[in-house]
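Dear colleague,

Please find below the structure that I am handing over to you. I would be grateful if you could read the notes beneath it alongside the coordinates.

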Amino acid sequence: MNRLEERLLYQDEQLKVTVRAAVDAPAVTLIGQVDACNSHALAIALAAARQGAYIVVDTGGLTFVDVSGLRVLALPALPPAQRWIRLHNLTAYQRRLLRLVGWYHEPRVHELPI
């Protein structure tokens, strides 16, 4: 897959998940809403995108995320060093929610190289 080519990982009525190759790790983009209806499918799609130590997930296109979606993205059951999802383009609302539940860890927020 070349750098600009996106591949569809998952899509339903609420959520679209795509992946593209990037310099350091696969870059996944989420567009739409994540809730209890599709959070398990999101977890499967993210695991399928993983090719190395971590993936970068752009959450800026999410219009809604509930606690089940946050749990998929934050991996709170794992120690911070083992969390393989790096969040990118978090909205202020998403940052606030992660802080409120105690799952926000600054090193996991990732800036993509330009």
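The notes that follow cover the fold, the nonpolar core and the internal cavity.

This is a predicted model, in which local features need pLDDT of at least 70 and side-chain atom pairs count only at pLDDT 80 or more, while totals for chains, interfaces and linings use all residues. Residues are numbered from 1 along each chain as its sequence is written, and side-chain values use heavy atoms, with hydrogens and water left out.

The chain contains 3 helices and 5 strands, in the order β-β-β-α-β-α-β-α from the N terminus. These elements are DSSP runs numbered from the N terminus (helices: H or I, at least four residues; strands: E, at least two). Strands are taken as paired if DSSP finds at least two bridges between them.

Strand β3 (residues 27-34) runs parallel to strand β4 (residues 55-65), and 7 bridges join them; within this pairing, valine 28 stands opposite valine 57. On β4 there is also a parallel pairing with strand β5 (residues 85-88), through 4 bridges, where isoleucine 55 has isoleucine 85 as its bridge partner. Helix α1 (residues 39-49) completes a right-handed β-α-β unit with β3 and β4, and helix α2 (residues 67-74) does so with β4 and β5. Right-handed here means that, with the strands pointing away from the viewer, the path from the first strand over the helix to the second runs clockwise.

Buried residues (under 20% relative accessible area, 1.4 Å probe, protein chains only) make up 43% of the 114 residues in the chain. The largest nonpolar core (buried Ala, Val, Leu, Ile, Met, Phe, Trp, Tyr and Cys joined through side-chain atoms within 4.5 Å) has 27 residues, and Val28, Leu30, Leu42, Leu46 and Val57 have the most contacts inside it. Two or more residues of this core come from each of β2 (15-20), β3, α1, β4, α2, β5 and α3 (92-100). Beyond its neighbours within four places in sequence, leucine 30 is in contact (heavy atoms within 4.5 Å) with residues including Leu15, Val17, Leu42, Val57 and Leu73.

The count comes to 1 cavity of 30 Å³ or more. A cavity is a set of points, on a 1 Å grid over the protein atoms alone, where a 1.4 Å probe fits but cannot get out; lining residues have an atom within 4 Å of a point. The volume of the largest cavity is about 50 Å³, this being the space filled by probe spheres set on the points, which are joined across faces, edges and corners. Helix α2 gives the most to its lining, with 3 residues.

With kind regards

Note on methods:
Buried means under 20% relative accessible area, exposed over 50%, partly exposed in between (1.4 Å probe, protein chains only). On a 1 Å grid over the protein atoms alone, a cavity is a set of points where a 1.4 Å probe fits but cannot get out, and a pocket is an open set with protein on both sides within 12 Å along at least five of seven lines; lining residues have an atom within 4 Å of a point.
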